[in-house]
Amino acid sequence: MNVASRLPDTSAAALADRPAKSARPPFLGFGLGLRHQHYDEILNGNPPIDWFEVISENYMLPGGQPLRTLDRICERYPVVMHGVSLSIASTAPPNFEYLQGLKDLARRVEPKWISDHLCWTGVHGKNLHDLLPIPYTREALDHVVSRVQLVQDFLGRAVVLENVSTYIQFNNSEMTEWEFLSELSRRSGCWLLFDINNVYVSAFNHGYDPLTFLNGIPADRVVQFHMAGHSHMGTHIIDTHDHPVCEDVWDLYVAALKRFGRVSTMIERDDNIPPLDELLAEVVRTREIAEKVLPTSKQAG
Amino acid sequence: MSDFARQQAEFQRGILSDDDTVLAEILDSPREKRDALFGVYRYAYGSRLVEAVRNDHELLHLYLGDEMFDEMGHAYVKAYPSEHPNLRWFSKSLPDFLRSNAPYSDHPVLSDLAALEKALNDAFDAAEGAVVELTDMAGIAPEAWSDLKFRAHSSAFRLDLATNAAAIWLALKNDETPPEATVLDEPARLLIWRQDVTPMFRELSAEEAMMWDEAVNGISFGVLCEMLATYDDPDGAAGRGAGYLHGWITAGLLTGVSVGVIDS
C-alpha cells in the first residue's frame with residue numbers, strides 16, 4: 001500500500017475544519033477497566049458492572065488467551081477500547097500499521113467507542129511508551145486537528161480523546177489546556193474523555209484551580225469520565241493510577257456531574273491491582289454519587 | 001522542521017539522554033523546579049521499560065535478583081530503545097542483547113533463559129490455528145501415509161539451548177534452588193508450543209528433533225521414516241515415526257495434515 005498517498009493533505013482546503021458527524025456515544029453507566037488479574041472472577045461471577053474499558057494494545061496480538069477472554073467478555077458486557085499508543089499529537093508520520101491493527105481489533109470487539117490520549121509517545125522511530133505533554137500553541141492545535149481528522153477518516157468514526165496528567169508546561173503555550181481541548185473537539189468533532197484524576201493532578205502541578213479547567217470544557221462534548229488514584233510527592237503529584245480514588249477527586253467528580261450531566265464513568269486502576277471487590281466498591285460509589293447528584297427519577301421527569 | 005517537531009525531538013532527546021536543551025522551553029511550577037519536573041518523565045521512561053522486561057522475564061528476574069536485573073534492564077533499554085507502539089514486543093531482543101554484550105555474554109545461561117521465556121511468551125499469544133486430532137488420521141488410507149505432509153501449529157517453535165537453562169527454568173518455576181549453570185555437551189533441543197491456552201515446552205531426542213525440523217519443512221512421512229532409519233534401528237523406523245507423530249497430535253502441535261500428490 002502506498003503510505004505516502006495516505007499522508008495528510010496539508011493544503012489550505014484540506015486544513016479546513018471538518019468535524020466528524022458521528023452520533024454522540026451512548027451513556028453506558030458505571031464501568032471498570034478490564035485487567036487480566038480479574039479475568040477468572042469476572043467470567044465465573046458475572047459481577048454487576050455496566051461495562052468494561054479494555055486497553056487496546058493488550059489485545060492487538062495474534063491470538064491466545066487474551067483475545068479469547070476478550071471475546072467472552074464482549075459477549076456479556078458492553079466494551080470500550082482505550083489505547084495508549086495512538087500518539088495523536090506526534091509530529092512523526094502517522095503509523096498506519098498501528099491504525100490498521102486498531103481497526104482490526106475494533107471489527108472484532110465492536111466497541112461503543114475508541115479512545116486514546118491527547119499526547120504523543122515518540123518521534124524519529126522511537127516509542128517512549130509515555131503520555132507526553134504538548135505546548136498549547138496554534139501550530140500544535142492545527143497539527144492535532146488534522147491528525148484527528150485523518151485517524152477518524154481511517155477508522156470511520158469519531159474518536160474520544162482524554163486529557164493526560166502533565167508535570168511540565170511549555171513557555172511557548174498560547175492557550176490553556178482546556179481551551180486547546182475545546183477547540184480540538186469543536187474543530188475535529190472528536191469527543192472528550194474527562195479524566196477527573198488527571199485534571200486534579202495537572203491542576204496541582206501547575207497551580208491552577210481544577211474547577212477552572214472543568215468549567216472551561218464544553219459541557220456537551222464529554223462522553224466519559226475516568227476516576228483514578230495518584231501518588232503525592234509533596235511538590236508535585238505523579239499520576240500512577242495505582243491507588244484508590246482520593247476524596248478530593250471524589251469531590252471533583254460531583255462538580256463534573258453537575259457540569260457534564262450523566263456521563264459514562266469508570267474506575268481506572270493500572271498498577272498495584274487490588275482484588276476485584278475493592279474496585280467494585282469504587283464503581284458502586286461512582287453510581288451512588290451520580291444518583292445523589294443527578295437522581296434518575298428527576299432526569300426521567 | 002516545524003517548531004512543534006523540533007520541540008518534540010528535543011523533549012525526546014532529553015529523556016533518552018542527559019541533554020537538557022529542552023529545559024529552556026519548560027517553566028518552573030509554583031512549587032518545583034523544571035529539571036525536577038522533567039525528571040519525572042526521565043525516570044518514568046527507564047522504570048516503565050525495565051518493568052516491561054521484568055514482566056516478560058519473571059524467572060530471569062528471579063534468577064538474577066532485583067539489583068542485577070534492574071541494572072541489566074536499564075542497559076537493555078539503552079541499547080535497544082523501543083521502536084514499536086506495543087510494549088508487548090519491547091523485550092524481544094533481550095536474548096540477543098544478553099548473548100552479545102558483556103558481562104552477560106560471559107554467562108550464556110542468561111541468554112538461554114531469556115530465549116526460553118521469550119519463546120513461551122510468543123507461544124502464549126501466537127495466532128490461533130486448527131488442531132489436528134487423532135480422529136482426523138483415522139480416515140487416511142494406509143497407502144497414503146507415506147505421502148503425508150504436516151503443518152506445525154503457529155505457536156510451535158524449536159529452540160536449541162547450549163546450557164542447562166531449561167533445568168534452571170523448571171527449578172525456578174517450582175520454587176526450588178536452581179542447579180549450577182553448565183554448558184551442555186550437546187545442545188538441549190526444545191519444542192515450545194501452546195496447548196489450548198497454556199504455553200508448554202519439552203525436550204526432544206536428537207532423532208525426534210530431526211524429524212520435527214524436517215516435517216515442518218514439508219518432508220513427507222515416508223521420507224521422514226527413511227531418515228529415521230539412519231538414526232537407529234532401521235526396522236523400527238516407521239514405528240518410531242508413528243510414535244512421534246502420535247505425540248505431536250495429542251499435544252496439539254499440528255494444524256494441518258495433507259496427502260501429497262500420488263504418482264499413478
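## Close-ups of a predicted two-chain model

A:Met81 sits across from A:Ile114, a residue of strand 4 of chain A. That pair is our way into a set of close-ups, and keep in mind that the whole model is predicted.

**View 1. Strand 3 of chain A meets strand 4 of chain A.** The two strands run parallel and are joined by two bridges, with strand 4 covering residues 114-117. To get from strand 3 to strand 4, chain A passes through helix 3 of chain A, and the β-α-β crossover made this way is right-handed.

**View 2. Strand 2 of chain A meets strand 3 of chain A.** Here we count four bridges between strand 2 (residues 52-55) and strand 3, and the pair is again parallel. Look for A:Glu53, which stands opposite A:Val80 of strand 3. The link from strand 2 to strand 3 goes by way of helix 2 of chain A, in a right-handed β-α-β crossover.

**View 3. The two faces of strand 3 of chain A.** In a regular strand, side chains take turns between the two faces of the sheet. In strand 3 (residues 79-82), A:Val79 and A:Met81 point one way, while A:Val80 and A:His82 point the other way. Are these four residues buried or exposed? All of them are buried.

**View 4. Two loop residues with positive phi.** A:Ser87 belongs to the loop between strand 3 and helix 3 of chain A. Its phi is positive, about 55°, although A:Ser87 is not a glycine. A:Ser87 has 25 C-beta neighbours inside 10 Å, so it counts as buried. Now go to the loop between helix 3 and strand 4 of chain A, where A:Glu110 lies. A:Glu110 is not a glycine either, and its phi is a positive value near 50°. A:Glu110 counts as exposed because it has 10 C-beta neighbours inside 10 Å.

**View 5. Helix 4 of chain A and what covers it.** How far should the 18 residues of this helix span? At 1.5 Å a residue the answer is 26 Å, and the end C-alpha atoms are 25 Å apart, so the two values agree. The buried residues of helix 4 include A:Leu141, A:His143, A:Arg147 and A:Gln149. A:Val144, A:Val145, A:Val148 and A:Val151 are among the buried ones too. The cover over these buried residues includes helix 3 (96-109) and helix 5 (177-188) of chain A, plus helix 1 (3-16) of chain B. Just past the end of helix 4, A:Gly156 has a positive phi of about 75°.

**View 6. Chain A against chain B.** Contacts between the chains involve 42 residues of chain A and 41 residues of chain B. On the chain A side, helix 2 (65-76), helix 4 (138-155) and helix 6 (196-206) each give at least two residues. Sorted by class, that side holds 15 nonpolar, 22 polar and five charged residues.

**View 7. A:Gly64 and the chain B residues it touches.** A:Gly64 is in the loop between strand 2 and helix 2 of chain A. A count of 22 C-beta neighbours inside 10 Å is why A:Gly64 ranks as buried. Which chain B residues does A:Gly64 touch? Sequence neighbours up to four places away aside, A:Gly64 touches B:Phe124, B:Asp125, B:Ala126, B:Arg194 and B:Val197. For scale, A:Ser90 is 26 residues away from A:Gly64 in sequence, and their C-alpha atoms are 31 Å apart in space.

**View 8. The two domains of chain B.** The domain assignment splits chain B into domain 1 (1-95) and domain 2 (107-264). Taken over C-alpha atoms, the domain centres are 39 Å apart. Contacts between them involve nine residues of domain 1 and 13 residues of domain 2. On the domain 1 side, helix 3 (58-64) and helix 5 (94-100) of chain B are the elements that give two or more residues. Helix 3 of chain B has the largest share, with four residues. By class, the domain 1 side is made of six nonpolar, one polar and two charged residues.

**View 9. A cis peptide bond in chain B.** B:Ala102 and B:Pro103 are joined by a cis peptide bond with omega of about 5°. B:Pro103 is in the loop between helix 5 and helix 6 (108-124) of chain B.

How values were computed: Residues numbered from 1 in each chain as written. Chains lettered and ligands numbered in written order. Predicted model: local features only at pLDDT ≥ 70, side-chain atom pairs only at ≥ 80, totals over all residues. Domains from an automatic or database assignment. Contact = placed C-beta atoms within 7 Å. Nonpolar A, V, L, I, M, F, W, Y, C, P; charged D, E, K, R; others polar. Expected span 1.5 Å × (residues − 1). Buried ≥ 20, exposed ≤ 12 C-beta atoms within 10 Å, placed from the backbone. Pairing = 2+ DSSP bridges. Right-handed = clockwise from strand over helix to strand, strands pointing away.
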